[in-house]
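This report goes through the strands, pockets and backbone features of one protein chain. Please keep the sequence and the model open while reading.

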Amino acid sequence: MKKTISILLLFAIVTTCFAGCFSGVEETTSQTETTTATSTEPETEKETTTKETTTEEETTEETTTEKEITTKNNTTTKKITTTKKITTTRKPTTTLPSTQRMPVDLSDVICDEIDPEKPMVALTFDDGPSVHTPRLLNIFKKYGGKGTFFVVGNMLDDNKLVVKRMVNEGHEIASHAWSHSDLSRLSLEKSQKEIQKTHDKIYEITGVHPKIVRPPYGAYNDTVRYSAYTCNEAIVTWSVDTLDWKTRNANAVYRSIMGSVSDGAIILCHDLHGTTVDAMERVIPDLIEKGYQLVTVSQLLMMKKGEIVAGGVYYRG
C-alpha cells in the first residue's frame with residue numbers, strides 16, 4: 001500500500017513539472033508572438049508615413065503643408081511637415097524678342113556727302129587702338145574716306161587722344177568687346193558686361209554711343225546676339241577677310257582687298273599690325289580711284305538697308 005502511494009505521489013510530481021514546463025513554453029511563445037506583432041507595428045507605421053510623404057511630395061506644389069498621421073493602433077499621432085521644393089533653373093532668355101524689334105538709333109549718322117548711285121565699301125580695323133593707328137588716320141586724312149575702328153575696351157584709357165581724334169575726323173568708333181574674349185564661350189552676364197563696359201567707356205571718352213559691335217573672332221551665338229540687343233547694338237562681321245593678321249605682308253593685304261572688293265563690302269583689317277597700315281598707303285587711294293566711296297559701317301548699312309536692329313547680324317551692305 002505504501003509502495004502504491006509512493007508511486008502515485010511520484011507520478012503527481014512528474015505531471016506537475018511537465019505541466020509547468022509546457023506552460024512556460026506556451027507563455028514564451030505567446031510573449032514572442034506579441035513582441036513580433038508589436039515590432040511589426042512600427043514597420044506598418046513607417047510604411048504608411050513613407051507612402052504619405054511620397055504622395056505629399058508628388059502632389060504638393062510650392063506650398064508647405066502639415067498633415068497628421070495616425071498609426072494603426074491609434075496609440076501615436078505624428079505631425080509631419082512636407083515641402084516639395086521646386087528648383088527652377090532659369091536659363092537666361094537668349095532669343096531675341098520678335099515682338100520687340102528695336103532699331104539702332106542712326107539719327108546722328110551723316111550721309112549727306114554719300115552718293116547712293118555709286119559703289120561704296122567699309123574699311124574696318126580691329127584690335128586697336130595701337131601705335132600704328134595715328135599713321136592710319138593720317139593716310140585717311142591725306143586721301144579721303146572714312147573708316148570704322150572696332151576698339152578693344154581695356155585699351156582705351158591709354159589711347160584717349162587717338163580715340164577722340166577718330167571721332168573728330170568723322171570715323172566711326174565701334175566695340176570689339178572689353179578684353180577680346182570669345183563672347184560665344186561666356187555666360188550671358190559676362191557677355192553683356194564685355195559689350196556694355198566697352199560701350200560705356202567709348203561714351204565716356206568721346207560722348208558718342210557706339211552703334212555696332214564686332215565679337216572677337218567673329219564668334220557669336222544667341223547669347224551674344226541677346227547681349228548686343230540689351231546694349232542696343234547690332235553685330236557686324238565682314239564679307240572680305242584680308243588675313244592680314246596671318247600674312248603680315250602689305251602686298252598680300254593689298255591683293256586680297258583689290259581682288260575681292262565689291263559694292264557693299266565690309267572689309268576686315270587690323271590696325272594692330274604695321275604691315276596692314278603699310279598696305280593702306282596703296283589700298284585707300286586705289287579704291288577711291290576705282291570709284292569706291294569709303295564710308296563707315298553705319299553709313300553703309302543705312303544707305304543700303306535703311307536701318308539696322310539691335311542684335312541683328314550684318315556682314316555686308
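## Cysteines

A search of the whole structure turns up zero disulfides. The model is a predicted one, and the search was run on its atoms. A disulfide is a covalent bond between the sulfur atoms of two cysteines. Are C111 and C231 buried or exposed? C111 counts as buried because its relative accessibility is 14%, under the cut-off of 20%. C231 is also buried, with a relative accessible area of 5%.

## Strand β3 and its partners

Strand β3 covers residues 120-128, and nine of its nine residues are buried. Strand β3 pairs with strands β10, β9 and β4, taken in turn below.

With strand β10 (residues 293-294), β3 runs parallel and shares two bridges. M120 has Q293 as its bridge partner in β10.

With strand β9 (residues 266-270), β3 pairs in the parallel sense over five bridges. Here L123 is the bridge partner of I267 in β9.

With strand β4 (residues 147-151), β3 again pairs in the parallel sense, over five bridges. L123 stands opposite G147 in β4, and D126 stands opposite F150. L123 therefore has a bridge partner in β9, I267, as well as G147 opposite it in β4. Strand β3 pairs with β4 in the parallel sense, and the chain crosses from β3 to β4 through helix α2 (residues 133-143) in a right-handed β-α-β crossover.

The loop between β3 and α2 contains P129. A cis peptide bond joins G128 to P129, with omega at about 0 degrees.

## Strands β4 and β5

Strand β4 is largely enclosed by the rest of the structure, because five of its five residues are buried. In a regular strand the side chains alternate between the two faces of the sheet. In β4, G147, F149 and V151 lie on one side and T148 and F150 on the other, and all are buried.

On to strand β5: β4 and β5 run parallel and are joined by four bridges. The bridge partner of F149 in β5 is I173, and that of F150 is A174. F150 also stands opposite D126 of β3. Between the two strands comes helix α3 (residues 160-168); β4, α3 and β5 make a right-handed β-α-β unit.

Both faces of β5 are covered as well. E172 and A174 on one side are buried, and so are I173 and S175 on the other.

## Pockets

Rolling a probe the size of a water molecule over the atoms shows where empty space is left. The largest pocket has a volume of about 620 Å³. Of the 24 residues that line the largest pocket, I110, K146, G170, T296 and Q299 are the closest to its centre. The elements giving two or more residues to this lining are β5 (172-175), β10 and α9 (297-305).

The second largest pocket holds about 170 Å³ of space. Its lining consists of D126, D127, H176, H180, Y217, G218, W238, D241, W245, L268 and H270. Strands β3 and β9 are the elements that give two or more residues to the lining of the second largest pocket. The table sets out the residue classes of the two linings.

| Pocket | Nonpolar | Polar | Charged |
|---|---|---|---|
| Largest pocket | ten residues | eight residues | six residues |
| Second largest pocket | four residues | four residues | three residues |

D126 appears in this account twice: it lines the second largest pocket, and it stands opposite F150 in β4.

## Positive phi angles

Which residues other than glycine have a positive phi? Y217 is one of them, with phi near 70 degrees. Y217 is found in the loop between β6 (212-213) and α5 (222-230). Its relative accessible area is 57%, so Y217 is exposed; the cut-off for exposed is over 50%. Y217 is also among the residues that line the second largest pocket.

N232 is another, with a positive phi of about 60 degrees although it is not a glycine. N232 sits in the loop between α5 and β7 (234-236). At 28% relative accessibility, N232 counts as partly exposed, because this value lies between the cut-offs of 20% and 50%.

Terms used
Residues numbered from 1 in each chain as written. Predicted model: local features only at pLDDT ≥ 70, side-chain atom pairs only at ≥ 80, totals over all residues. Heavy atoms only, no water. Buried < 20%, exposed > 50% of the residue type's maximum accessible area, 1.4 Å probe, protein only. Pairing = 2+ DSSP bridges. Right-handed = clockwise from strand over helix to strand, strands pointing away. Disulfide = S-S within 2.5 Å. 1 Å grid on protein atoms, 1.4 Å probe; cavity = no way out; pocket = protein on both sides within 12 Å on 5 of 7 lines; lining within 4 Å. Points joined across faces, edges and corners; volume = space filled by probe spheres on them. Nonpolar A, V, L, I, M, F, W, Y, C, P; charged D, E, K, R; others polar.
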